[in-house]
Amino acid sequence: MKDIFKGYYRPSDDEFKKMWEEGIFVFDTNVLLNFYRYKKETKDAILGVLDKIQDRIWIPYQVGLEFHRNRLTVITEQNKVLNDFKKSIKDSISDIEKKYVALQLDKRHTDIQAEPILEQFKNLSDTVLKELDEIKPKKLSNSSDEDEIFKKVSELFEDKVGKKPENQEWLNKVFKDGDERAKNDIPPSFKDITEAKKEDRENYSYQGLFYKAGYGDLILWRQIIEYAKQENRKYILFITDDKKEDWILSVSGQKISPRPELVMEICTEGEVKDFHIYNTESFLQNSKIMFDKPLSDKVIEDVVSVNKRNLRFKDFPLKGK
């Protein structure tokens, strides 16, 4: 029964232990890009875990390509947040000054001395702005010497990146497969493909190969399956902060497990024994248990906070997904 319907069965505690001891940890693009959004303590904690499993981490070529294509966009997003916050403080003081003039408080209420109060607001805002000015905007550069995160990710995944698509014919087969999946709601990518066509997203090319927008998850999925089979990898743990139903089975809003179709596909085609999906939060929580490694509650709170913001604000969607 379990072998026939494996996709509907969660691995046992012993099976999870074996996966953590012997498995390959595969990371999605969003996990790497979120390093630019985390606080220093959070980045250090995640990098500490990756250092412990550095001989068993890997990314598909598609993830590497998406990371490099979107890195500067995420940096721009971070700089925009800083600038918007500073502007909001200046605008708030300006609004208070306008209210002060319009209401003529000193003349209309004998017990209100508005001028000293206004001065306190100005002094406080000047102090806050001075502190914010000390936070330098992240430099837009393709030099790893000027970007510590870029440098660390590059070092971590040196020689741990999958092969590029062998030719355009391979990609075209994926596109054709994706169209069929989109018609029949077969994961992954069916939502991205449908949305990309509706929104007429921009396609792109790299190293002589043409990529259609919306098919990124399916490309990386096929690359994971091929890698597992070619390298005889029996345990695959995929870490992604993508919460779409393309990856995760949800019932009444509760996330249950990886989509059963995905588990069966990679176990059958990739000859994998066990496959599981974590988000960064659950990955860190389990690493704490598996490695008996202390982890600050603030780290988990930061990870959760970043993922919530990513869901609310989509000003900078991944290009080419």
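**Core, helix H1 and some unusual backbone spots**

Me: Hi! How many residues are in the largest nonpolar core, and which have the most contacts inside it?
Reply: The largest nonpolar core has 74 residues, and Phe 27 and Phe 283 have the most contacts inside it. A nonpolar core here is a set of buried Ala, Val, Leu, Ile, Met, Phe, Trp, Tyr and Cys residues joined through side-chain atoms within 4.5 Å. Buried means under 20% relative accessible area, exposed over 50% and partly exposed in between, with a 1.4 Å probe and protein chains only.

Me: Which helix gives the largest share of this core?
Reply: Helix H10 (residues 216-230), with eight residues. Helices (H or I, at least four residues) and strands (E, at least two) are DSSP runs numbered from the N terminus.

Me: Anything I should know about the model itself?
Reply: It's predicted, so local features need pLDDT of at least 70 and side-chain atom pairs count only at pLDDT 80 or more, while totals for chains, interfaces and linings use all residues. Residues are numbered from 1 along each chain as its sequence is written, and side-chain values use heavy atoms, with hydrogens and water left out.

Me: Back to Phe 283, what does it touch?
Reply: Leaving out residues up to four places away in sequence, Phe 283 touches Trp 20, Phe 25, Phe 27, Val 49, Leu 50, Ile 53, Ile 239 and Tyr 278. Contact means heavy atoms within 4.5 Å.

Me: Trp 20 is in H1, right by the start. Which residues of H1 are buried?
Reply: In H1 (residues 13-22), Phe 16, Met 19 and Trp 20 are buried. They cover an arc of only 95° around the axis, which puts them on the same side of H1. That arc is taken from the directions from the helix axis to the C-beta atoms.

Me: And what do those buried residues pack against?
Reply: The buried residues of H1 pack against strands S1 (24-27), S5 (235-239) and S8 (274-278), and against helix H12 (280-290).

Me: How are H1 and H12 arranged, parallel or perpendicular?
Reply: The axes of H1 and H12 come within 12 Å and cross at roughly 90°, so the two helices are roughly perpendicular to each other. Axes are lines fitted to C-alpha atoms, for helices over the stretch in contact, with angles from 0 to 180 degrees between N-to-C directions. Angles under 35 degrees count as roughly parallel, over 145 as roughly antiparallel, 65 to 115 as roughly perpendicular and the rest as oblique.

Me: Which residues meet there?
Reply: From H1, Phe 16, Lys 17 and Trp 20 meet Phe 283, Asn 286, Ser 287 and Met 290 of H12.

Me: New topic. Where is Gly 270, and is it buried or exposed?
Reply: Gly 270 sits in the loop between helix H11 (260-269) and S8. It counts as buried because its relative accessibility is 1%. Residues up to four places away aside, Gly 270 touches Ile 225, Ala 228, Lys 229 and Glu 265.

Me: Which peptide bond is cis?
Reply: The one joining Pro 187 and Pro 188, with omega about -10°. Pro 188 lies in the loop between helix H8 (168-184) and helix H9 (190-199).

Me: And which residues other than glycine have a positive phi?
Reply: Asp 200 has phi near 55°, and Gln 207 has phi near 50°. Asp 200 is in the loop between H9 and strand S3 (204-206) and is exposed, at 66% relative accessible area. Gln 207 is in the loop between S3 and strand S4 (209-211). For background, most residues other than glycine have a negative phi, and most peptide bonds are trans.
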